[in-house]
Amino acid sequence: VDLLNEPVGKVAIVSGSGKNWSRDDAHIGAHWYDPAITNFEKVIALVPNNAETYAEFDQILNYWRNPEQGLKMIEKAFRLDTFAPPLWGYFLGLSYYLLRQHEEVITKYDALIERAPEFTSAYLFLACAQAELDRLEDASDAIKTALEILPQHSCKQVARTFPFRLD
């Protein structure tokens, strides 16, 4: 399926993957961040009060290695929609993680886990932030909890999930 030639907003199924991909997902996957950024800027210009757009734009910016701007986008999303889904809490924590604000990561993910205790990705980045602060026992506990929720999880699977490196 040629996703890059699909109209903006149209969703296509990637053959054999079982995953729905939007045009901007294809841009990200192919590391064509500039067109994805341009598309999100156009959407924001057309619909400036759509909180979901700001939340998703945060992720694009995080993948594009611009978490400072991403943080502004997710904070705007929260201002527009105070009843945000748990996924946005994950996005917020990830922006802080990429900014190396580990205490803030812990605060945000603790709040997210309280709200959505089965959100395994929050435990993984919580563990990373705790390890960065030499709280190794807490980090180990977070990983154990994630593995209790998803016992088939592995480091290899996690590495394939995130389209950026954290080094």
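**Exercise 1. Find which residues Trp88 touches in this predicted model, leaving aside its neighbours within four places in sequence, and place Trp88 in the nonpolar core.**

*Solution.*
Step 1: Start with the contacts. Trp88 meets Ala51, Glu52, Ala55, Ile74, Ala77, Phe78 and Asp81, once neighbours within four places in sequence are set aside.

Step 2: Move on to the core. The largest nonpolar core holds 39 residues, and Trp88 is listed with those that have the most contacts inside it, together with Phe57, Ile74, Ala77, Tyr90, Tyr109 and Leu112. Ile74 and Ala77 are also among the contacts of Trp88.

Step 3: Ask which elements build this core. Two or more residues each come from helix H2 (33-46), H3, helix H4 (67-80), helix H5 (86-98), H6, H7 and H8.

**Exercise 2. Decide whether Asp58 is buried or exposed, and look for a side chain of opposite charge.**

*Solution.*
Step 1: Locate the residue. Asp58 sits in helix H3, which covers residues 51-63.

Step 2: Check its surroundings. Asp58 is buried, and beyond four places in sequence it touches Gly70, Leu71, Met73, Ile74, Phe91 and Ser95.

Step 3: Search for a partner. Side chains of opposite charge can pair when their charged atoms come close. For Asp58, the nearest such side chain belongs to Arg79, 12 Å away. A salt bridge needs a nitrogen and an oxygen within 4 Å, and Asp58 has none.

**Exercise 3. Work out how many salt bridges the structure holds, and describe each pair.**

*Solution.*
Step 1: Count them. There are two salt bridges in the structure.

Step 2: Take the pair of Arg135 and Glu103. Their side chains meet with an N to O distance of 2.4 Å. Arg135 belongs to the loop between H7 and helix H8 (136-149) while Glu103 belongs to helix H6, so this salt bridge ties together parts that are 32 residues apart in sequence.

Step 3: Assess the exposure of this pair. Arg135 is partly exposed because its relative accessibility is 30%, and Glu103 is partly exposed because its value is 44%.

Step 4: Turn to the pair of Glu104 and Lys108. Their closest N and O atoms are 3.3 Å apart. Both residues lie in helix H6, four residues apart, so about one helical turn separates them.

Step 5: Assess exposure again. Glu104 is partly exposed at 28% relative accessible area, and Lys108 is partly exposed at 26% relative accessibility.

**Exercise 4. Test the length of H7, and find how many of its residues are buried.**

*Solution.*
Step 1: Compute the span. With 13 residues at 1.5 Å a residue, H7 should span 18 Å; its end C-alpha atoms are 19 Å apart, so the two values agree.

Step 2: Look at burial. H7 is mostly covered, with ten of its 13 residues buried. Among them are Tyr123, Leu124, Phe125 and Leu126.

Step 3: Examine one polar case, Gln130, which is part of helix H7. Its relative accessible area is 8%, so Gln130 counts as buried. Beyond four places in sequence, Gln130 touches Ile106, Arg135, Asp138, Ala139 and Ala142. Arg135 is also the residue that pairs with Glu103.

Step 4: Step past the helix. H7 is followed by Asp134, whose phi is positive, near 60°.

**Exercise 5. Determine where Glu118 lies, and whether it is buried or exposed.**

*Solution.*
Step 1: Place it. Glu118 is in the loop between helix H6 (102-115) and helix H7 (120-132).

Step 2: Apply the cut-off. Exposed means over 50% relative accessible area; Glu118 has 62%, so it is exposed.

Step 3: Check the distance to Ala146. The two C-alpha atoms are separated by 8.0 Å, and the residues are 28 apart along the chain.

**Exercise 6. Judge which parts of the model have low or high pLDDT.**

*Solution.*
Step 1: Begin with the whole protein. Its mean pLDDT is 80, and 73% of the residues reach 70 or more.

Step 2: Compare elements. The protein has nine helices and two strands. Strand S1 (residues 11-13) has the lowest mean pLDDT of the elements, 26, and H6 the highest, 97.

Step 3: Inspect the start of the chain. Over residues 1-24, pLDDT stays under 50, and the model has 32 contacts beyond four places in sequence for this stretch.

Methods: Residues numbered from 1 in each chain as written. Heavy atoms only, no water. Buried < 20%, exposed > 50% of the residue type's maximum accessible area, 1.4 Å probe, protein only. Lys, Arg positive; Asp, Glu negative; His and termini not counted. Contact = heavy atoms within 4.5 Å. Core = buried A, V, L, I, M, F, W, Y, C linked by side-chain atoms within 4.5 Å. pLDDT = per-residue confidence, 0-100. Expected span 1.5 Å × (residues − 1).
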